[in-house]
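Let's take a walk through a protein together, one piece at a time. Have a look at the sequence and the 3D view first, then read on.

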Amino acid sequence: MIEARQPMVRMSSITKYFLDVTANDKVDFSLYPGEICSLLGENGAGKTTLMNVLFGYYACDEGEIFIKGERADLSSPKDAIARGVGMIHQHFALVPIQTVLENIIIGTDSGKTIFLDLKTARRKLLELEQRFGLEIDPDAHVWTLSVGEQQKVEILKALYRNVDILIMDEPTAVLAPAETDDLFSTLKTLVSEGRSVVFISHKLHEVMDISDRIVVLRGGRVVAERHTAETSTRELANLMVGRDLLEDTTKNQLEPGRPVLEIKQLDVLNDMKLPAIKNLNLVVRQNEILGMAGISGNGQRELSEVLFGMRNPARGAIKINNTPLKFGNPSSAIKLNMARIPEDRMDTGLLMDLSVEENIILEDHASAEFQAYGVMKSKIIHQYADKLIGDYSIATAGRDAITKRLSGGNLQKVMLARELAGNPAVVIAAQPTRGLDVGAMEYIHQRLLQERERGVGILLISEDLDEIFSLSDRIAVIYEGKIMGEVVAKTASREQIGLWMAGVKK
Amino acid sequence: MIRIRIIKRKPLPAWAKIVIPIAAIVATLILSAIPILLAGGDLWKSYFYLFYGALGTRFNLLETFVKASPLLLTGLAVAFAFRAKFWNIGAEGQLLAGALIATVLGVHMGNLPRPIVLPLIIVAGFLAGGIWAAIPGILKTKLKVDDVVSTLLLNYVMWHIMGALLFGPLQQPGSSWPRSAAIVNAARYPILLPRSRFHMGILIAFFAVFVIWFINNKTTFGYRSKAVGVNIRAAQFGGINTTSVIVWTALVSGGLAGLAGVGELCAIQYRLIMDISPGYGYTGIVIAMLGNLHPVGVLFSAIFFSVIIVGAQTMSRMTGVPTYIAEVIQGMALMVMLIFLLFMEYRLKVMKK
């Protein structure tokens with residue numbers, strides 16, 4: 001351990017499984033009084049799971065937790081709060097139609113008596129507000145507050161419960177820049193009084209700004225621990241995404257053909273109506289893979305959703321094979337022969353409760369090949385499904401097996417089978433191998449390379465630098481919704497890409 | 001410390017789908033013994049007359065089918081909608097819409113022959129119920145209005161429209177009661193078996209089971225509707241026009257309920273009265289759930305309910321146990337079934353610490 005002081009929290013050898021996925025693998029983590037410690041990692045690295053274990057939200061399968069020197073068996077968040085641990089999730093747990101004060105006293109003693117003791121509660125709340133500079137009208141209804149103000153209410157809620165270990169899960173994801181500055185000064189006041197804060201994030205510059213110490217997680221394990229003063233965004237970026245080279249991908253030299261995907265002056269807003277993509281221009285040609293590198297949360301999701309027809313852009317134009325794509329209309333993308341591999345394959349890509357066959361025919365079920373007068377040609381559909389299950393070596397009990405029983409790699413194979421079966425002109429693959437094992441990953445890489453040979457243009461959006469380097473012909477880096485730079489893959493250096501990913505432009 | 005957790009179980013073999021509903025009905029009857037005993041009934045005698053009253057004589061058996069037909073149609077209506085996660089709580093109002101249109105046409109059809117009048121009434125009744133359900137379907141898809149609330153509230157709207165018409169233009173001339181004139185003979189469903197009320201609507205209801213099964217399993221529309229039900233986002237991603245699927249699902253669902261109203265009017269009452277339906281639309285929700293939203297399941301649960309409702313009359317007459325016991329058994333059946341369905345997917349695991 002770096003510190004010699006008595007830790008506020010010590011988590012030792014924490015392991016947590018979800019079905020057959022290991023979300024945390026023997027993780028050791030300590031938190032010291034008066035520090036802000038960042039948990040840094042990609043999506044799915046296990047940051048939030050680890051903190052949910054500390055918050056009593058999940059029970060860990062192995063390992064021990066000590067809070068302020070005492071062993072803690074947490075069976076619910078209530079236990080954790082009683083020991084001074086509070087957590088603010090990305091989605092706030094506030095009742096919109098109640099006032100700030102009412103929200104704050106829910107579940108506390110003054111909220112449990114028959115008659116609410118609002119007077120004492122109000123005094124205590126105002127005192128806290130003053131002490132920490134979190135000025136909020138106690139009688140304001142929560143729904144009238146901005147997101148930043150709601151977050152302040154969450155912090156006050158924690159302080160009201162005498163929390164001295166505060167976990168914040170990606171608190172800046174929903175904030176405007178000015179609100180972020182506000183939040184940071186609040187957090188600094190908190191720790192100056194001896195409290196501790198865990199700051200979960202995948203944004204490098206914020207982590208560098210706010211934390212005293214940084215713990216990097218990757219694939220459920222702690223891969224590094226650094227004092228902020230002794231590290232750099234570059235090193236952190238490499239630690240976060242750098243995997244060992246898994247495969248030696250050889251690809252043939254191909255001359256790119258005419259453009260198949262053109263994106264012009266695209267502006268997209270995210271769900272919070274903040275700009276996610278700013279004036280983005282891109283071209284992908286036949287026979288080439290354009291790798292879009294970047295740390296997740298920099299607009300990749302919004303960009304892919306626009307391409308898939310699942311989100312309307314604020315401005316811009318997209319052409320597939322020289323034909324304009326109709327926005328907000330997935331069937332337009334399908335008609336223009338775009339293969340779409342979404343990053344959230346279980347929520348958007350696949351119908352997990354339906355059979356493998358029903359997933360395979362989703363986009364084609366209405367074609368003349370598979371139906372006549374609205375009646376499905378079951379025999380032909382069965383043959384088609386069986387053929388694809390064979391072609392893509394999908395391990396399943398059969399075409400009638402319920403999709404959610406398949407492993408992650410086989411889910412993605414079903415996805416590929418459906419999307420690539422129609423001989424697409426362009427492929428948009430968003431995080432196509434995230435969470436997959438090595439075998440499945442290699443299979444998917446080979447499949448994408450085959451498509452490239454066939455003349456397809458591929459936009460590969462990935463956080464995995466090794467994947468980007470081994471597949472791409474060109475690499476573009478996205479940062480805060482903008483393309484930081486674009487290079488030919490052969491001449492690109494990891495250092496250069498890492499700097500762009502961290503938002504450093506030279 | 002011992003903790004009990006609910007965890008997912010491995011998929012059950014196919015026979016469980018048959019055995020579990022039967023076990024649920026047996027469990028229901030065992031549990032229903034408690035209120036029967038509390039009501040002072042002799043258990044064996046009560047159960048004997050319950051089933052004898054529903055199945056024991058030719059007339060009773062046919063009455064059970066008569067009662068099953070509206071329950072079957074509203075049950076199918078709800079099951080079809082729920083499958084697409086269109087929460088149609090409004091089968092009652094859609095039933096009334098069907099009955100209302102059938103009354104208007106049935107009273108004013110004059111001298112047209114039955115082969116023209118009846119199909120017209122059936123189609124109009126289907127459309128009336130369908131449109132009444134399509135309204136909340138459109139509200140849901142276009143304006144994000146909650147379908148539970150809108151379908152439920154439209155029941156009351158339709159009930160009051162019916163009341164206004166029955167005290168107004170539809171009121172039987174010379175009557176001071178809220179009831180319409182009788183419909184003409186040509187508008188009445190033919191009775192298919194002599195000395196009974198076994199009418200054509202029963203065949204329509206049974207045919208509807210097949211039609212819904214066919215739509216669900218064999219057609220592109222059934223596929224789309226199921227896809228929308230399991231994951232509307234993935235369905236949309238796959239190019240399905242989810243708005244159109246929901247509105248059409250609502251229309252078919254409401255149409256089935258409308259047919260139930262047509263049947264009650266044209267085969268049972270022959271004139272519109274305020275209590276044309278003793279809540280068939282609401283009972284349809286229970287029947288759909290009990291039948292696990294499957295058309296064949298709905299068929300069996302509608303018949304089961306009908307047996308209980310018809311049999312309870314005889315049971316009450318012979319043993320003095322009040323007929324309300326029928327409703328207790330119905331409620332019990334639903335709860336038992338829901339619990340059994342839960343344990344088809346999950347099991348309890350005792351964890352020792």
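A:Ser12 stands opposite A:Glu64, a residue of β4(A). Keep in mind as you look that this is a predicted model. The two strands around that spot are β1 (residues 9–18) and β4 (residues 62–67) of chain A; they run antiparallel and are joined by five bridges. Now zoom out a little. What order do the strands take in this sheet? Reading across chain A, you get β2-β1-β4-β5, an open sheet of four strands with antiparallel pairing. At its edges sit β2 (21–31) and β5 (70–71) of chain A, and each of these pairs on one side only. There's a helix to spot here too: α1 (residues 47–54) of chain A lies across β1, β2 and β4 of chain A, and it runs at about 115° to β1(A).

Next, find β7 (165–169) of chain A. Is this strand mostly covered or mostly open? It's mostly covered, with five of its five residues buried. In a regular strand, side chains alternate between the two faces of the sheet. In β7(A), both faces are covered: A:Ile165, A:Ile167 and A:Asp169 are buried on one side, while A:Leu166 and A:Met168 are buried on the other.

So who are the neighbours of β7(A) in its sheet? One is β6(A), which runs parallel to β7(A) and is joined to it by four bridges. Another is strand β8 (residues 196–201) of chain A, also parallel to β7(A), this time with five bridges. A:Ile165 is a handy landmark for both pairings: A:Val85 stands opposite A:Ile165, and in β8(A) the bridge partner of A:Ile165 is A:Ser196.

Now slide back along the chain to helix α6 (residues 147–160) of chain A, which has 14 residues. From its first C-alpha to its last, α6(A) reaches 20 Å, close to the 20 Å expected at 1.5 Å a residue. This helix is mostly covered as well, with ten of its 14 residues buried. Among them are A:Val153, A:Ile155 and A:Leu156, but also A:Lys152, A:Glu154 and A:Lys157. What do the buried residues of α6(A) pack against? You'll find β6 (85–88), α3 (100–105), α5 (118–132), β7 (165–169) and α7 (177–192), which belong to chain A. Just after α6(A), look for A:Asn162, which takes a positive phi of about 60°.

Time to step back and see the domains. Chain A is divided into domain 1 (1–84 + 164–242), domain 2 (91–162) and domain 3 (259–501). The C-alpha centres of domain 1 and domain 3 of chain A lie 32 Å apart. Their contact takes 14 residues from domain 1 of chain A and 13 residues from domain 3 of chain A. On the domain 1 side, the largest share is four residues, and they come from helix α9 (residues 233–241) of chain A. Sorted by class, that side of domain 1 of chain A has six nonpolar, five polar and three charged residues.

Last stop: the place where chain A touches chain B. Here 23 residues of chain A are in contact with 15 residues of chain B. On the chain A side, the elements that give two or more residues are α11 (330–335), α12 (345–349) and β18 (375–376). What mix of residues does this side of chain A have? It divides into 13 nonpolar, six polar and four charged.

Notes
Residues are numbered from 1 along each chain as its sequence is written. Chains are lettered from A and ligands numbered from 1 in the order in which they are written. This is a predicted model: local features need pLDDT of at least 70, side-chain atom pairs count only at pLDDT 80 or more; totals for chains, interfaces and linings use all residues. The expected span of a helix is 1.5 Å times one less than its number of residues. A residue is buried if 20 or more other C-beta atoms lie within 10 Å of its own, exposed if 12 or fewer, and partly exposed in between; C-beta atoms are placed from the backbone. Two residues are in contact if their C-beta atoms, placed from the backbone, lie within 7 Å. Ala, Val, Leu, Ile, Met, Phe, Trp, Tyr, Cys and Pro count as nonpolar, Asp, Glu, Lys and Arg as charged, and the others, Gly among them, as polar. Two strands pair if DSSP finds at least two bridges between them. Axes are lines fitted to C-alpha atoms, for helices over the stretch in contact, and angles run from 0 to 180 degrees between N-to-C directions. Domain bounds come from an automatic or database domain assignment.
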